[in-house]
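These are my notes on the model, set out as numbered points. Please read them beside the coordinates.

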Number of protein chains: 2
Amino acid sequence: MKHFFNRRDTIVMEAIDGLLRTAASGNLGRIDAYPDIKVVLRSDWDKSKVALVSGGGAGHEPSHAGFVGKGMLTAAVSGEIFASPSSEAVLTAIRAVTGPAGCLLIVKNYTGDRLNFGLAAEKARAEGLQVEMVIVADDIALPELPQPRGVAGTLFVHKIAGHLSEAGKDLATIADVARRVAADTASLGMSLSSCSIPGQNHEERLGEGEGELGLGIHGEPGVERIGVLSATELVSIMAGRLAVHLDPGARYAVLINNLGAVPPLEMTLIANAVLNSALAAQIELTIGPGPLMTALNMNGFSLSLLKLDAERTSALLAPVGPHAWTPACKVRPLAVVPAPKGEDLSAAVAASKNAAAEQVIIAVCRRLIAVEADLNRLDAKAGDGDTGTTVAIGARSVQDRLADLPLADTSATLSAIGSILSTSMGGSSGVLLSIFFTAASKALQGGARLPHALLAGLARMTFYGGAQPGDRTMIDALHPALNALANGGIPDAAEASRHGAQATAAMRKAKAGRSAYLGDDQLLGVVDPGAQAVAEAFGALAKVGEPA
Amino acid sequence: MKHFFNRRDTIVMEAIDGLLRTAASGNLGRIDAYPDIKVVLRSDWDKSKVALVSGGGAGHEPSHAGFVGKGMLTAAVSGEIFASPSSEAVLTAIRAVTGPAGCLLIVKNYTGDRLNFGLAAEKARAEGLQVEMVIVADDIALPELPQPRGVAGTLFVHKIAGHLSEAGKDLATIADVARRVAADTASLGMSLSSCSIPGQNHEERLGEGEGELGLGIHGEPGVERIGVLSATELVSIMAGRLAVHLDPGARYAVLINNLGAVPPLEMTLIANAVLNSALAAQIELTIGPGPLMTALNMNGFSLSLLKLDAERTSALLAPVGPHAWTPACKVRPLAVVPAPKGEDLSAAVAASKNAAAEQVIIAVCRRLIAVEADLNRLDAKAGDGDTGTTVAIGARSVQDRLADLPLADTSATLSAIGSILSTSMGGSSGVLLSIFFTAASKALQGGARLPHALLAGLARMTFYGGAQPGDRTMIDALHPALNALANGGIPDAAEASRHGAQATAAMRKAKAGRSAYLGDDQLLGVVDPGAQAVAEAFGALAKVGEPA
C-alpha cells in the first residue's frame, strides 16, 4: 500500500495545517507548540460556555480535529499516528479553552488516552479548573472484554454534547447526558483489508477471500475472519451482532462510517443495505455514509447505533459548523416519480406516401447494402472491419420500416430515420446519424430549405461528435457534399462526396473516431470507410435522377 | 482489490437508492424507470428556473447525483460503471426538469457522453424544449489530444451555473458563463494505483515504486510513469504542468479531489503541499480536499484550477444544498495562537525541609531500589520482566530530586512527586502514579486528611486506569493498604498490602493492564509485581517508625 506523505515525523502536523488552511468555516486555529503539542481549537471561542475537548491518536481523520467548530468540539488534541497525545498536550488544550463554565473531555476507551487525558484532567483540576471526563466504549466486537474499545460511536457524544454546550447547558448536565449517550451506543466494524501506516512496511493479513469482523480502528485483528460475502450478507451479520445490544422497543440513529478507503459508490450501496436490513425497523435517523472516524486506508466500514429520545434526536439534527459532520437524515420512503411522457415524434406522424422520396430511400439503402463487403475490407485496414456491416444494418432497418414512414412529410421522415438508425446501428455512428437526421428535421420544420436543413444537421453532428473536416471521418465526404448541394445540385454533391472520400486516403492522422488511436503509416493510402459510405449514398442518389 | 457490492448489475441502482435514502437535504427523488434509466432529480423543482442536467458513467460518486440540489444540479443521469447513460435516459431527465426557462446540459468530454447527451438534446429540441450543452474538457494531461477529457473541473461548471440558475439568470447567459468557465479550467490527476471494478478481475499495472501522472478517471493509463515521490515533490511536478495553463496575472480557485481511496489524513497533507507549492501565489480559493469526482478506489488525487473573477468567486462561495460539495475556503494565514501558560504547581512552591517526610521518602525509595531484581523476576513470569526496573527508576528520580521538594507542604510534595514520576517512569505506570499523587494532593489541599486524600487519589487512578480490586494489578495491594491506613495506622496498612499482594497469586484472570492478554495458567501462583512493589513500599514505611 502506497501513501502520500513527506516524512513520517511531520505527517500529522502537515495534515493538521492542511485542514486548517482549507476549512471553510474559517474559525479554526492551532496552538503554537509544534511538534510536541498538536491542538486544533476554535479561534472564535470566548470560554463563556462549556468547552468540549476530545482527541487521541492520529490516523482517524476527520476525527477529531475535523469536528472542531460551532455545535461540536471546542478543541481536539492529536497524538502521532495511532498513539495517544501526551498529558501535557491535553492539559495545554484544556487550559486554552476552559473558562468558568468548565470543560468536558470526551475520550475513547484506550489505555493511553484514558491515562493521558486523565492525568491532564487531574492537573487541570489542581489548577482550579472544572473538568469532567466521559469515556466512550462502544465497540461490541469483543463481548468478554471488560473494557470495550471506543470507536465511531464517540461522534454521537461529540454531536450531542456539542449541541448542549451551544445551548448554554452546564457542565454537570452535559457530562451526565454525554455519559448516558455513551452507554446507549453500540458499534461494530468490518473490513476487507487491514490498514497500512505511511512509511512502515505492511503485510496484509487477510487473504484474497477473507474479510474481518469486529476489528478496531488501529488495525488490531478482528474478532473473527469471514469470507468476502455480498454487501447484504455482511450487513446482515453485523445487524445480528448489533441487535443483541438494542432495546427492542426503542428507536435508533445509525452512523455509517467509511473506515478509510471504501469508494463513495460502495458506501451508499452499504447504506442502502443497512436500510434494508433487520435493523431498519428500529432506525429513525441516519448519519453518513462518509469518512467520520477512519483507520488510515482500511477498506472497511463501521455501523454505530444510538438509542434515541426527543432530546438526542433534536441534538443530532441541529446544524453545526464542521463540514466533516454529515447531517443527520430522517428515514423516509424513497421519492420515486413517474417517468415523464415525451412526444414520440416519429410515432406521432402517421405513415404516408411519396413516390419520389420512396425511390430515393430505396436507391440509397440498396447501394449501401451492396457495398457492405467493400466497406468492411476498407475498414479492416485501419479498424475492426465492420463499418460495412454496421452501415448495411442501418440501411436494411430503414428499408424494412419504409411502409411506416410519413414520406409525405420530409421533416417527419428525417426524424423517423434518425430514430430508426439510433436503435438499429447502435454505437457512435448510429447516434451521430441520428443527431444528423433529428437536427435536420428540426431545421426543416423551422422553415429552412432541405440542403440548409441538412447542413444544420451536419453542424450539430460536428459539434457533438467533435470531428472536423480533415479528421478522416464521414464528415470529409458529407461536408463537401452538402455544401455542393446547397450551391448546386445532386450531381455536384455526388462528385464532391467522391472527391472528399478519396481525399481521406491522403490524411496522415485521424483526430477523432476510432482511427485516432492508430499510427500514420497504417492509414496512409486507405480511404476512410465512413466517408466512402457517404460517397456511395450520394452516388446512388445521383443515379435516381438519371435515365435507367 | 475487494469491493462491497451484491451483484454487478445492481450496483449503481443500489448506490443511488442509498444516496437518496441518506441525503439529509430531503429534496431528492429518482425517476421510476429502473434499470434502464437512472435519473436523480430535485423533488422540489418547479421548472421556473433554468434546469441543469449532468451525468455520465457511474464510478465517480458523489459525481454527479451527489451534487443534485439547491444551487447546483437539477438532475443527474447515471450510466453503468464507466459507461455513458443512453440518450433515452438523458432525454427522460431533460423532459422531467425542463420548463419554459430551458435546460443546460453539462457534459464531460467523452465520446459516449457527448453523443448520448447530444442526441437527447436534439430530440428535446425537436419536442420544443430549449436545450443548450456545455462540454467540459479540462484535463491537461495529454497536450496533443485534440479532445481533452473532462474531469473534476466539471464541478466548477456545476457550481457556478447552479448559482446563476438559482439567481434566476436566463439560459443564454448561464450557457455562456458555463462555456467560459469550462474554457478557463485546467485539471491534472495522479495516482499510486489504478482502480479496480467490482466483480472484475484486476491486474495492477503500477509496480511497488511507481505512480502515474495524468491518468483519467476511468483507469485509463496515465501520460507518464513516475516514482513514488514525496507528496511535496508530486505536487510540485503537477504544479509545473498546470502552471503552463495559467494566466500569470490571474487569481485561481483550486479544487483538491480525492480520486477514491486516499485517507483523509493524507488528503489534508496534500492540500497543505498544494498551498506551499508554486501555485499558491495565485490561489485565492480552495475547494476540498474531499472525494468530489472519484474513480472507484483509485489511490490518487487531482487538482483543478479555475481562473477567477468577481462573479465566479461569489458563485463559488455561495452556500448550496448538496453536502457533497465542500464549501469554498478563502486562502488566509494559518491562525496560530500562543500556548497558554499554566500554573506550574510543582515549580510554584519553593523547596523546604521536613525531617520526618524526608526519612519516609528515603526509606521507601531505598527499599524499591533494593527489590528491583526481585520484582523483575516476578514480572518475567507473566510480562516482559521490567517492572522492577521501572519502579527503581521512579524511586531513584524522587531520591535525586529530594533537595528540591517542598517537604514542609505535604500537598505540594505529593504534587511534585506526581510530576517527577510521570516524566521519569513514563508509560502507563508513571501516568497512573502521577494521577494518584496529583489527585491526592488536590484532595489534601481541599481539606481532606492524608489517608482520605490518598484514597481520593486511588479513586481517580481507578477511574482512569479502569482496574478494580481483583483485576491483578497494584490496586490489589494499594486499595486494602489505604483503607487500613484510614481506619488504623501504618502497620495495619503494611500488613494489608502484604496480604493484598499475596492474594494476586490466586487470581486466575487479569482484567486490566498488560497481563489481561495472558492465559490463566501462565498467571496462577505468581504474585503481581506491581502489587508486590506497593507491599514493599508500605513495608518500608512501617519500618521507619520502628526502632532501628
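1. Buried is used here for residues under 20% relative accessible area, exposed for those over 50%, and partly exposed for those in between, with a 1.4 Å probe and protein chains only. Helices (H or I, at least four residues) and strands (E, at least two) are DSSP runs, numbered from the N terminus. On that basis the buried residues of α4(A) are A:T154, A:L155, A:F156, A:V157, A:H158, A:K159, A:I160, A:A161, A:G162, A:L164 and A:S165. Eleven of the 13 residues are therefore buried, and α4(A) is largely enclosed by the rest of the structure.

2. The model is a predicted one, in which local features need pLDDT of at least 70 and side-chain atom pairs count only at pLDDT 80 or more, while totals for chains, interfaces and linings use all residues. Residues are numbered from 1 along each chain as its sequence is written, chains are lettered from A and ligands numbered from 1 in the order in which they are written, and side-chain values use heavy atoms, with hydrogens and water left out.

3. On the geometry of the same helix: α4 of chain A covers residues 154-166 and spans 18 Å from first C-alpha to last, close to the 18 Å expected at 1.5 Å a residue. The expected span is 1.5 Å times one less than the number of residues. Just after α4(A), A:G168 has a positive phi of about 85°.

4. How are the two chains related? Chain B superposes on chain A by a rotation of 180° with 0.0 Å of shift along the axis, at an RMSD of 0.1 Å. That is the relation of a two-fold axis. The superposition is by least squares on the C-alpha atoms of residues with pLDDT of at least 70 in both copies. In chain B, the residue closest to the rotation axis is B:A261, with its C-alpha at 2.1 Å. The copies meet through the same surface, because 100% of the interface residues of chain B are also interface residues in chain A.

5. One inter-chain contact can be checked at A:S230, in the loop between β9 (224-227) and α6 (231-243) of chain A. A:S230 counts as buried because its relative accessibility is 18%. Leaving aside residues up to four places away in sequence, A:S230 touches B:F5 and B:N6, where contact means heavy atoms within 4.5 Å. Its side chain makes a polar contact with the side chain of B:N6 at 3.3 Å. A polar contact is a pair of N or O atoms within 3.5 Å; within protein, one must be able to donate a hydrogen and the other to accept it, and residues adjacent in sequence count only if both atoms are side-chain atoms.

6. An open sheet of seven strands, with mixed pairing, runs in the order β6(A)-β5(A)-β3(A)-β4(A)-β2(A)-β1(A)-β14(B). Its edge strands, each paired on one side only, are β6 (131-136) of chain A and β14 (336-337) of chain B. Helix α3 (residues 111-126) of chain A packs on this sheet and touches β3, β4 (75-81), β5 and β6 of chain A, its direction making about 170° with that of β6(A). Strands count as paired if DSSP finds at least two bridges between them. Within chain A, β3 (residues 51-58) and β5 (residues 103-108) run parallel and are joined by four bridges; A:V53 has A:L105 as its bridge partner in β5(A). Helix α5 (residues 171-183) of chain A lies across β3, β5 and β6 of chain A, at about 10° to β6(A). Axes are lines fitted to C-alpha atoms, for helices over the stretch in contact, and angles run from 0 to 180 degrees between N-to-C directions.

7. Another open sheet of seven strands, also with mixed pairing, has the order β9-β8-β7-β12-β10-β11-β13 in chain A. Its edges are β9 and β13 (329-330) of chain A, each pairing on one side only. Strands β7 (residues 185-191) and β12 (residues 300-307) of chain A are antiparallel over seven bridges. Helix α1 (residues 11-22) of chain B lies across β11 (283-290) and β13 of chain A, at about 120° to β11(A).

8. Last, α15(A): the cover over its buried residues includes α14 (427-445) and α16 (475-487) of chain A, together with α3 (111-126) and β6 (131-136) of chain B. Just after α15(A), A:G466 takes a positive phi of about 85°.
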